[in-house]
Amino acid sequence: WGLFLCQMDTDTRALVNSELSPLREDQQQLKKLDLGRAAPDILQNDHLGQFVLTFPIPVPENEQKFATLVEDPKSLWAAFFPAETVHSAHPEYPDFGEITLKEFTEKVVKHVVKILGQLGCEVHQFHSVDDDELFVAFGLRRSTEALHDLAIRAEAYAAVKSECPTDEKVDNAWQRRKVGVNLKGQEVYNECPLYVRYTPGLHDMVEEPKDTEVLRILRRGLRGRMSIVKLLEEKVANVFFAVHKWDELKELEKRGWNDPTRVCYWPYEGSSDSVEEYFGAPTGLFFHFYNSFSRWVFFPAAVSIIIFLIRKLVPKTHVHVIDTLFGLYMCLWTTFFLAYYQHDKNVKLLRWGMTTDESAGTVRREFDDARRGTARESFRKLLHWFLCCFFICETLWFVYWATNIRAEAVQNPSGKTFGLENEHIIRGYTYAVTLNIKLVDCTWSPLSMWLSKKENHRTDMELKSSMAVKLFAVKFVVFYFPFVYDIVLRPRVEGCPGDTMEGCIHMARGNLKVVFVTQIISGAIALLLQVAFQLWSVKAALRNKKGSSMITFLEVQALMSEFDVATEVDDFMQIVLSFGFLAMFGTVCPVMCMFCFVANLALKKLLAFRFSFAQQRVVPQIDTGLDAWMWILQFLAYAGVTCSCYIVIFMFLDDKVNLASKLLLFILSERAMGAVKMCLDSSLGKKSVAQQRIEECNEDVLELLLLAPKEDQSP
């Protein structure tokens with residue numbers, strides 16, 4: 001069928017012929033992926049490497065482009081391979097002369113393959129089915145000297161071979177229990193081994209690096225020898241990505257993690273371990289938070305259903321008492337959830353071997369130390385904050401304007417405004433506010449992310465923190481202020497429907513339902529569109545394969561979208577906003593908890609499917625956790641205490657109580673609940689007892705390891 005036997009020009013054939021020969025012999029052994037009858041024929045070739053770099057090849061459609069002369073090949077070569085040119089005491093350049101783009105690309109490909117060989121990679125090369133791209137697949141073999149050398153240079157982390165502490169201890173004995181089975185079929189226990197930096201002296205004392213750590217090691221090794229970013233920017237290379245492994249993805253699907261048809265499930269604790277094993281710690285932490293939040297929100301969701309059923313069966317005063325108790329419950333719920341999540345997250349980081357040193361993060365290619373502290377950089381950051389204020393003011397102005405329009409329509413229900421009947425204006429207020437929320441969100445999110453990427457952040461962790469804070473500053477006002485207005489300002493400014501506080505309560509509850517459900521539906525639609533667009537891209541590519549009905553799995557992955565920091569922040573922001581709605585307004589609209597729980601089950605499956613089958617594999621990085629997000633969550637929890645106390649005192653309390661008494665009660669109750677929350681936070685602590693014991697044990701192991709004689713290889 002001509003997948004690897006495609007016609008190549010003489011120069012390129014000479015370059016890759018030695019690598020193509022084994023593939024020609026094994027091509028008939030490639031199996032088709034099991035995708036169902038209606039799916040296209042995709043051949044599984046993910047065994048060829050851990051990464052893929054693709055290069056364009058001259059075809060009749062672009063021959064003229066490849067025949068053009070390269071203006072400054074020496075500068076481009078220096079940008080592609082700075083370690084051998086700019087940063088070398090004896091820079092080496094090929095003899096260029098007048099060189100065409102085709103000849104220059106061939107020299108780049110040849111040198112890239114040479115560097116990969118020097119790094120100890122096994123390299124395979126093949127052409128795409130339509131013969132317009134050269135795929136260079138490469139990877140490190142296990143237990144090789146090249147892997148160990150790269151692990152040392154990349155400061156990799158490896159588990160020490162010793163008796164490991166666990167997250168449970170009884171009578172001074174560690175309790176070892178099975179927590180699951182990894183993707184290779186091996187049993188996994190609740191052990192938290194000591195992870196140390198990989199050094200030559202510890203070679204026989206530590207385990208082999210994990211698969212995700214090998215990916216990170218190789219990616220860092222590549223950064224030291226070539227600039228893949230520059231290759232992509234100059235379009236000398238087309239795509240670079242980490243290789244998805246089909247068998248492991250199918251194992252995750254077998255367990256139900258990325259199967260969108262299995263929406264009825266319990267988000268159990270151990271599933272994030274399998275995610276971390278395949279995708280790395282950052283993705284594992286994201287789904288660990290998703291699972292934890294979904295499990296914890298189940299209990300208020302169950303209570304909210306009961307409240308919803310009995311609301312119309314009991315007197316109004318009793319309903320307010322029930323809502324007050326639910327508000328108190330939500331204040332305590334947010335406190336215990338965040339505290340216990342912090343404990344679980346820290347133990348996960350210990351088990352996965354993540355450092356707590358933020359300086360260990362990978363330095364971004366875009367980082368320029370010379371730009372630090374410059375006036376231009378300061379102005380760029382100041383402009384970003386100015387735009388934050390602008391979008392916040394736009395939201396405040398729109399709510400004020402829409403409220404005035406609605407108030408005028410209420411005073412003249414038989415008239416018209418903007419050519420519309422005023423009764424439609426009154427009904428459309430909620431939808432207008434919702435539309436403004438979505439428009440501002442759709443505008444600010446990409447703009448803020450783009451500005452954050454332009455800022456001179458040293459590591460991806462710093463970039464994510466900055467991006468999260470600036471995004472949340474605007475979203476907090478955009479999403480929550482309209483309901484703060486309904487609860488706090490509307491009764492004082494324009495009055496409540498029916499001239500009773502109950503009218504404002506009903507209005508706020510209805511508005512919350514509309515906006516919250518709209519947010520859930522829009523998030524689900526966005527995910528579905530991403531997946532649908534990916535499937536459409538693959539089918540469109542197949543239609544252009546010159547009549548061939550087959551494509552390889554690596555070619556499919558090359559068509560997938562890249563996962564970047566902006567996508568990660570946006571995914572996390574959606575669930576954080578849901579947490580904020582429950583914490584701040586759950587007292588008014590308890591049924592949101594039920595909506596949130598049901599939506600989480602479905603959205604998590606769609607996210608998992610996108611991570612597995614609709615985007616390129618995430619390249620694992622060192623990630624210390626969710627520091628910026630934890631600060632935001634704590635802020636929302638304290639804001640929830642203030643909102644809940646205000647709602648109970650000013651909206652649920654009898655109107656016969658005067659304003660001064662209500663204000664005094666609000667201050668006392670808010671301070672009291674804040675004090676209770678602070679006491680609970682302090683008593684629960686940032687570290688669980690299990691974490692303290694694990695760290696103490698690992699410190700003892702590390703001390704013994706450092707003091708042990710060189711000939712003694714058992715810590």
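**Two surface patches and a buried asparagine**

Phe-298 is found in helix α10, which spans residues 281-310, helices here being DSSP runs of H or I with at least four residues, numbered from the N terminus. This is a predicted model, in which local features need pLDDT of at least 70 and side-chain atom pairs count only at pLDDT 80 or more, while totals for chains, interfaces and linings use all residues. Residues are numbered from 1 along each chain as its sequence is written, and side-chain values use heavy atoms, with hydrogens and water left out.

**Nonpolar patch**
- Trp-266, Tyr-268, Phe-298 and Phe-299 make a nonpolar surface patch of about 420 Å², where patch residues have over 30% relative accessible area and no salt bridge (a side-chain nitrogen of Lys or Arg within 4 Å of a carboxyl oxygen of Asp or Glu), and nonpolar side chains are joined within 5 Å.
- Phe-298 is partly exposed, at a relative accessible area of 33%, a class lying between buried (under 20%) and exposed (over 50%), with a 1.4 Å probe and protein chains only.

**Negative patch**
- Glu-696, Glu-699, Asp-700 and Glu-703 form a negative surface patch, like charges being joined within 9 Å.
- Asp-700 lies in helix α21 (residues 689-707) and is partly exposed, with a relative accessible area of 46%.

**Buried Asn-258**
- Asn-258 is placed in the loop between α8 (246-254) and α9 (271-279), and it is buried, with a relative accessible area of 0%.
- The side chain of Asn-258 makes a polar contact (a pair of N or O atoms within 3.5 Å, one able to donate a hydrogen and the other to accept it; residues adjacent in sequence count only if both atoms are side-chain atoms) with the side chain of Ser-612 at 3.0 Å.
- The Asn-258 side chain also reaches the backbone nitrogen of Glu-253 at 3.0 Å.

Key: Accessible areas come from the Shrake-Rupley method with a 1.4 Å probe; for residues, only the protein chains shown count as cover. Lys and Arg count as positive and Asp and Glu as negative; His and the chain ends are not counted. The place of a charge is taken as NZ of Lys, CZ of Arg, CG of Asp or CD of Glu. Helices (H or I, at least four residues) and strands (E, at least two) are DSSP runs, numbered from the N terminus.
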